[in-house]
Each structure stands twice: as C-alpha cells, then as structure tokens.
Amino acid sequence: QVQLVESGGGLVQAGGSLRLSCAASGRTFGGYAMGWFRQAPGKERDFIAAISWSGGSTYYADSVKGRFTISRDNDKNTVILQMNSLSPGDTAVYYCAADPLYYSGYRTDPKSKFRYWGQGTQVTVSS
C-alpha cells in the first residue's frame, strides 16, 4: 500500500508557474512509477505525465509537453510537477498516482495503469 498526499496547488495568473509536490509513504517509494493526472469540472480525469522508478524515463501528454516537467527525489519520497506558462485551460484538480509498473506509453487507458491515488490539489489559473 502507498499513501499519496499532494500539495502546492493554488491560484496563479495566466503565464505564471506552480510547483506541485506529492509525498509518498508506505512501501518503498523507489519501487513505484509515479504519475500526475488532472480533472477539470465536468470532465474526465486526464493523464499529464509519468516517471519511471529511477527517474530515467518520462512520458508526457501532448497538451503539456514543453510546459510541464515531472521529476522525483527517491531519498525524499517525493514526486514533483513543475508547471510553467499556465493558462486558464490548466485549471483543474491535480492528482498524483503510483503503480509498481512503468509503461512505455500512456495514451491508452492511462488511469488503469495506476493503482494508488492521492486526494488531489486544486490549481486555478486566472486570466
């Protein structure tokens, strides 16, 4: 079992940046692939990014490539989502997720590829 707690959400103006953190506890953090998703009101939960156990491999949704960066610190049991050039379309609840497996791709049914989920943190981007 892995427990995940997100933090770092808030209100930011368009063009600004936010840094989300996800603290993990429970089983060995380094043995899990980590991911970020987001869900806007009335919409599906969408995949944003994933990172492998070592941090050596990452995968991004096309919508955030070049703007968002996922990273991890296994010594601190933390995964980070650095978000730059934010726009109102990025407004959503952001969720951290974990799974023992890292996949080569996350285009198909990405939610099913993560077993553990955090409670989410709200990000609001004003215009």
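**Exercises on a predicted all-strand model**

Buried residues (under 20% relative accessible area, with a 1.4 Å probe and protein chains only) make up 43% of the 127 residues in the protein. This is a predicted model, where local features need pLDDT of at least 70, side-chain atom pairs count only at pLDDT 80 or more, and totals for chains, interfaces and linings use all residues. Residues are numbered from 1 along each chain as its sequence is written, and side-chain values use heavy atoms, leaving out hydrogens and water.

**Exercise 1.** Work out how many helices and strands the protein has.

*Solution.* Start with the DSSP runs: a helix is H or I over at least four residues, and a strand is E over at least two, numbered from the N terminus. On that basis there are zero helices and eleven strands. Next, look at the overall size: the radius of gyration, taken over C-alpha atoms, is 13 Å, close to the 14 Å from the globule rule (2.2 Å times the number of residues to the power 0.38), so the protein is as compact as a globular protein of 127 residues. Finally, the C-alpha trace spans about 40 × 30 × 25 Å along its principal axes.

**Exercise 2.** Find which strand gives the most to the largest nonpolar core.

*Solution.* First, define the core: buried Ala, Val, Leu, Ile, Met, Phe, Trp, Tyr and Cys residues joined through side-chain atoms within 4.5 Å. The largest one has 40 residues, and those with the most contacts inside it include Trp36, Val79 and Tyr94. Strand S9 (residues 92–99) gives the most to this core, with six residues.

Conventions
Buried < 20%, exposed > 50% of the residue type's maximum accessible area, 1.4 Å probe, protein only.
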